[in-house]
Amino acid sequence: MNWQQIDECARAWLKEAGARIRETFAQQLTIQTKSNRKDLVTNVDKETEQFFIAHIKNKFPQHRVLGEEGFGDDIGALDGTVWIIDPIDGTMNFIHQQRNFAISIGIFHNGVGQLGYIYDVVHDELYSAQKGKGAFLNDSPLPRLQPVSISEAIISLNTTWVIDNARIDPSILTPLVKAVRGTRSYGSAALEMAYVAAGRLDAYMTMRLSPWDFAGGLIIVEEVGGVVTNIYGEPLQLLEQNSVLVAKPGLHKQIVKQYIRK
Ligand code: IPD
Ligand code: CA
Ligand code: CA
Ligand code: CA
């Protein structure tokens, strides 16, 4: 497999898609709701996914695509080369803020992550990684993550899980939130994973993400020595929804052991 060629194409398409997205800031969006009033999609999400699929199918006809907006293939197993794409991660931010969103792509071969990308379109910051070759923010290598104590850690979490919900007892999160130095919530899982990779956050935790939310981030974070699992410390299932805990190595162990009880 010529990963160099695939990487060059992915980067070129990301930059072009990013430029197209920036152009839409001056235009009227078509906004629709999906499963509920907070679950939004725009014409730009759809057009961006279609843009990638058209390029991938043209250049790499054997590759398959799993995309959030459903224009890709029906993927039941990760054999061969599969691109997992979130055309806009953080759609609510895209609509309301015109920032704090990203394009996320993970490219897997027979289930193994090979190339990961998270492109912060507004800041023109491309986080990327190739398996075994480290991670980068634009052209700069990202250093390996160093240990941090919980009292000095900044963690990002989705505050939905701090109120009554069906997935976790909110009281489990209270001691963790008290123990850390600070909490954040950016509203883009991909960017939150990129921030852990870049050392801007020490951990990110959430109770339910889909494969396209974490596919790119998984590859990037692991390349800098970060740990990506579900909240119980178990491996993520790549084609299912998972809870997700992303953190620096020691901190990850401590959060699972001391704060999360099954
Ligand atoms: C969402 C964002 C958000 C996360 C949601 C995702 P979308 O992705 O990543 O931060 O909390 O679970 O669905 O819908 O904006 O691509
Ligand atoms: Ca969505
Ligand atoms: Ca998403
Ligand atoms: Ca999305």
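# Why the terms apply: a dialogue on a predicted model

Visitor: What makes β4 count as mostly covered?

Guide: In strand β4, 9 of its 9 residues are buried, where buried means a relative accessible area under 20%, exposed means over 50% and partly exposed lies in between, computed with a 1.4 Å probe on protein chains only. β4 itself is a strand by the DSSP assignment, in which helices are H or I runs of at least four residues and strands are E runs of at least two, numbered from the N terminus. This is a predicted model, in which local features need pLDDT of at least 70 and side-chain atom pairs count only at pLDDT 80 or more, whereas totals for chains, interfaces and linings use all residues. Residues are numbered from 1 along each chain as its sequence is written, chains are lettered from A and ligands numbered from 1 in the order in which they are written, and side-chain values use heavy atoms, with hydrogens and water left out.

Visitor: How do you know which residues are the protein donors of the calcium ion (ligand 3)?

Guide: A donor is an N, O or S atom within 2.8 Å of the metal, or within 3.2 Å for Na, K and Ca, and since water is not among the atoms, sites may look incomplete. The OD atoms of Asp86, Asp89 and Asp213 lie 2.1 to 2.2 Å from this calcium ion, and therefore meet the 3.2 Å limit that applies to Ca. Along the chain these donors follow the spacing D-x2-D-x123-D. Asp89 in strand β4 (residues 81-89) and Asp213 in helix α6 (residues 211-223) link distant parts of the chain, being 124 residues apart, and both are buried. The calcium ion (ligand 2) is 5.1 Å from ligand 3.

Visitor: How do you know which strands β4 pairs with?

Guide: Two strands pair if DSSP finds at least two bridges between them. Strand β3 (residues 64-67) is joined to β4 by 4 bridges and the two run parallel, while β4 is joined to strand β5 (residues 102-109) by 7 bridges in the antiparallel sense, so both counts satisfy the criterion. Leu66 has Ile84 in β4 as its bridge partner, and Ile85 has Ile105 in β5.

Visitor: What makes β3 and β9 edge strands in the sheet of 7 strands?

Guide: The order of this open sheet is β3-β4-β5-β6-β7-β8-β9, with mixed pairing, and β3 and β9 (140-141) each pair on one side only. Helix α2 (residues 43-59) packs on this sheet, touching β3, β4 and β5, with its direction at about 155° to that of β4. Helix α5 (residues 189-197) also packs there, touching β4, β5, β6 and β7 and making about 105° with the direction of β6. Here contact means heavy atoms within 4.5 Å, and the angles run from 0 to 180 degrees between N-to-C directions of axes, which are lines fitted to C-alpha atoms, for helices over the stretch in contact.

Visitor: Why do β11 and β13 stand at the edges of their sheet?

Guide: That open sheet has 5 strands in the order β11-β10-β12-β14-β13, and the pairing is mixed. β11 (182-184) and β13 (227-229) each have a single partner strand, so one side of each is left without a neighbour in the sheet. The twist averages 15° from one strand to the next.

Visitor: Why is the contact between Arg11 and Asp7 called a salt bridge?

Guide: The term requires a side-chain nitrogen of Lys or Arg within 4 Å of a carboxyl oxygen of Asp or Glu. The closest N and O atoms of Arg11 and Asp7 are 3.1 Å apart, so the pair qualifies. Arg11 and Asp7 are 4 residues apart in helix α1 (residues 3-23), which separates them by about one helical turn. At a relative accessible area of 27%, Arg11 is partly exposed, whereas Asp7, at 13%, is buried.

Visitor: What parts does the salt bridge of Lys15 and Asp124 tie together?

Guide: The side chains of Lys15 and Asp124 meet at 3.1 Å, N to O. Lys15 lies in helix α1 and Asp124 in the loop between β6 and β7, so the pair ties together parts 109 residues apart in sequence. Lys15 is partly exposed at 35% relative accessibility, and Asp124 is partly exposed at 34%.
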